[in-house]
Amino acid sequence: MEPALSIGGLSVAFATPHGALKPLRDVSLEVRKGEIVGIVGESGCGKSTLLNAIMGLLPANGRIVEGRIALGGTDLIGLGERALDAIRGDRMSVVFQDPMTTLNPVLRIGRQMSDIQYRRQLTGSNKKARSLAMLARVGVPDPAQRMAQYPHELSGGMRQRVAIAMAMLAEPELLIADEPTTALDATLEIQIVRLLKDLQKNTGCSILFISHHLGLIAELCESVAVMYAGEIVERGSVRDIFHRPAHPYTKRLLDCDPARIAGPTARLPTIPGDVPNLVAIPPGCIFTDRCPSAFTPCPGMKPAQRRVAEGHVAACHLLTATLPNDATVIGSRS
Amino acid sequence: MTPLLSVRDLKVRYPVRGALAAALTGEGTHIEAVSGVSFSIARGETLALVGESGSGKTTVARTIAGLVKAHSGSVLFEGEELTRLGAGALKAVRRQMAIIFQDPVGSLSPRLRVGSILAEPFLVHGLGITPAKIDRLLDLVGLPKEMAERYPHQLSGGQARRINVARAIALEPKLLIADEPTAGLDVSVQGEVLNLLNELRERLGISMLIITHNLHVVRHISGRMAIMYLGRIVESGPTLRLFAQPRHPYTAALLSASPRPDPDDLPQRLEIVGEIPSLFRRPSGCEFHTRCPFAREKCRFEPPAATAPASGEFFTCHFPLNAIQDDGRARP
């Protein structure tokens, strides 16, 4: 079956005064129909650039150097603006981090929800009925009253529900959620994640969930891609990633989460060092400088994606079946 | 021994509309953001104030630091009443307490180099400043001397946080107030900042008030915690006790809303519905009853009194979680 989203060998470059910045390099990812895939990584790992590349929203100085992006069999790269416009907000839609930037502050909720259905040949009252039904579905109380309100009259959690309702009105094949809960309190985060899960179940759409919150990823997603400095370093089922992480970065990232440390500790683990400069990409493994297990081949040779188990891959030299005899650990600058 | 800081029945009000508008809308001229909060912090102790946005935790911190005026109640710092101090006397007390604001970059002047930013507290209080003092501060927070030449926009999030900590400890305060010290930081950097605060407490014996909504952070940094809801503390006690056995359903809900990153160990969810109510329309009775999964008739009318199951612990709930479970009866 055709995957909902298929990305292969995607590389993106930004022209800067210091040279070409390469925020995404050789990224491959697949979202199957009806699947919820999580992308996890820290700031600067390329999560948002990936979203922009998929949506065709790269800034003027950015371009796709190579690779392909296909939405349910339709190749998105090379499509003209008109063709892309027909797909965005119809076959795929996005829920952004801050609902206040999604919603127009000077229009009532109802008006915005009708406007977004401009593609549908429906009467105004039919559009309104769809909006009402969708608001009820995403758990907005008193939907009829909300439709008459302006965005600033709603609380943060309600606004995000409205933003999700608007994205879902298009009945998209793919919903991309970019840190949709970051601006919300923990009790609301859980409510939104529950909502996304229910919507997926009831509509059958696929969801790409971008977050740095490991707990929410574990709760919501079936499979996970871990990004570091513009590359996907590990991919697998949610259990592979959280129970059997193979890449040293994934392991360290999990170790750092205070939620996973059972007893109280005065000394929390960290990942010393900084993300490498993405203008002058080092030739070897991108994580070498911060990796506690880096050894001889790491600085000079790029590790290929290797199969750890069925559906679980990681890019690390440690996974090579036989290590060369002269291999010595050079890592851990911490 | 008297505690370093003692807050008693603190109330803070913000004006929201004029008398005429209040009469027309039938709503008050003020909202009470902090509504009778009491707690104390011993020397060398860390207390965490936890709550959702709008719970009043930041207002409490700002009132202690004298940035917001208290409506009533008392704030005793080393036995001195702060709420009635004039500007001059308050300035002297402020040498003893420092605050780390929520936005690490926004609270550093963009036009000053780090060195000048760190010199500022000394200048404000008319104290001498030498380059060696700046170097020592940078060293205390684990940054190289060269950092003094940088401007705030040249710092990473974690570095900006460290500079805020360095500025806060410049005058060797007795109390450090940190408002969401790890908000917006990546997990790998978050640990650095918490380790730094823990280390400073050990080395300099500073007491701390940590304001946060991240419960997992609390567990690793503070011995005691207080949970705030709508401007009141609904439960407080030793951190580990509250984690092991929350009595107030709101505490339990906050705990279960912070999932452990493990797909096979999803917590038994205590789900609460809706969002924090508006301060304009405080619910009657127990103010949490509109969201509480266990609310009964009594909760809607009768505000619960504080119950102290042990010294240094209290909660305000008619039907505390464990009391009922201990009876062997199922929750309603």
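**Figure 1. Arg232(B), a buried residue in strand 10 of chain B.** In this predicted model, how many C-beta neighbours does Arg232(B) have inside 10 Å? There are 22 of them, and a residue counts as buried from 20 upward, so Arg232(B) falls in the buried class. Arg232(B) belongs to strand 10, which covers residues 232–238 of chain B. Setting aside neighbours within four places in sequence, the contacts of Arg232(B) are Ser35(B), Gly36(B) and Val37(B). Try finding Val218(B) as well: 14 residues along the chain from Arg232(B), its C-alpha atom is separated from that of Arg232(B) by 19 Å.

**Figure 2. The seven-stranded open sheet of chain B.** Follow the strands across the sheet and you will read the order 6-7-8-3-9-10-11, with mixed pairing. Which strands stand at the edges? They are strand 6 (97–100) and strand 11 (314–315) of chain B; each has a single partner strand, so one side of each has no neighbour in the sheet.

**Figure 3. Strand 8 of chain B and its two partners, strand 3 and strand 7.** Strand 3 (residues 46–50) of chain B runs parallel to strand 8 of chain B, and five bridges join them. Within this pair, look for Leu49(B) opposite Ile211(B). Strand 7 (residues 175–179) of chain B also pairs with strand 8 of chain B in the parallel sense, again over five bridges. Here Leu176(B) has Met208(B) as its bridge partner. To get from strand 7 to strand 8 of chain B, the chain passes through helix 7 (residues 187–204), making a right-handed β-α-β crossover.

**Figure 4. Strand 8 of chain B, buried or exposed?** Six of the six residues in this strand (residues 207–212) are buried, so strand 8 of chain B is largely enclosed by the rest of the structure. In a regular strand, side chains alternate between the two faces of the sheet. Accordingly, it is worth checking each face in turn. On one side sit Ser207(B), Leu209(B) and Ile211(B), and on the other Met208(B), Ile210(B) and Thr212(B); both faces are covered, with all of these residues buried.

**Figure 5. The four-stranded open sheet of chain B and helix 2.** This sheet has the strand order 2-1-4-5, and its pairing is antiparallel. Strand 2 (30–41) and strand 5 (80–81) of chain B are the edge strands, each pairing on one side only. Further in, strand 1 (residues 5–15) and strand 4 (residues 72–77) of chain B pair in the antiparallel sense through five bridges. One place to spot this pairing is Arg8(B), whose bridge partner in strand 4 of chain B is Ser74(B). Helix 2 (residues 57–64) of chain B packs on the sheet, where it touches strand 1, strand 2 and strand 4. The directions of helix 2 and strand 1 of chain B make an angle of about 110°.

**Figure 6. Helix 4 of chain B packed with helix 6 of chain B.** The axes of helix 4 (residues 114–124) and helix 6 (residues 157–169) of chain B come within 8 Å and cross at roughly 30°. That angle makes the two helices of chain B roughly parallel, and their crossing is right-handed. Which residues meet here? Val114(B), Ile117(B), Leu118(B) and Pro121(B) from helix 4 of chain B face Ile163(B), Ala166(B) and Arg167(B) from helix 6 of chain B. Ala119(B) is also among the buried residues of helix 4 of chain B. The buried residues of this helix pack against helix 5 (131–140) as well as helix 6 of chain B. After helix 4 of chain B comes Gly126(B), with a positive phi near 65°.

**Figure 7. A helix pair in chain A: helix 5 and helix 7.** Helix 5 (residues 124–137) and helix 7 (residues 156–169) of chain A pack at about 125°, and their axes are 9 Å apart. These two helices of chain A are therefore oblique to each other, and the crossing is right-handed. Arg130(A), Met134(A) and Leu135(A) of helix 5 of chain A meet Ala165(A), Met168(A) and Leu169(A) of helix 7 of chain A.

**Figure 8. Where chain B touches chain A.** In this view, 28 residues of chain B are in contact with 34 residues of chain A. Helix 7, helix 8 (215–221) and helix 10 (249–256) of chain B each supply at least two residues of the side of chain B that touches chain A. Helix 7 of chain B gives the largest share, seven residues. As for helix 10 of chain B, six of its eight residues are buried, so this helix is largely enclosed by the rest of the structure. The buried residues are Pro249(B), Tyr250(B), Thr251(B), Ala252(B), Ala253(B) and Leu254(B).

Methods. Residues are numbered from 1 along each chain as its sequence is written. Chains are lettered from A and ligands numbered from 1 in the order in which they are written. This is a predicted model: local features need pLDDT of at least 70, side-chain atom pairs count only at pLDDT 80 or more; totals for chains, interfaces and linings use all residues. A residue is buried if 20 or more other C-beta atoms lie within 10 Å of its own, exposed if 12 or fewer, and partly exposed in between; C-beta atoms are placed from the backbone. Two strands pair if DSSP finds at least two bridges between them. A crossover is right-handed if, with the strands pointing away from the viewer, the path from the first strand over the helix to the second runs clockwise. Axes are lines fitted to C-alpha atoms, for helices over the stretch in contact, and angles run from 0 to 180 degrees between N-to-C directions. Angles under 35 degrees count as roughly parallel, over 145 as roughly antiparallel, 65 to 115 as roughly perpendicular and the rest as oblique. A crossing is left-handed if the near helix is turned anticlockwise from the far one by less than a right angle, and right-handed if clockwise. Two residues are in contact if their C-beta atoms, placed from the backbone, lie within 7 Å.
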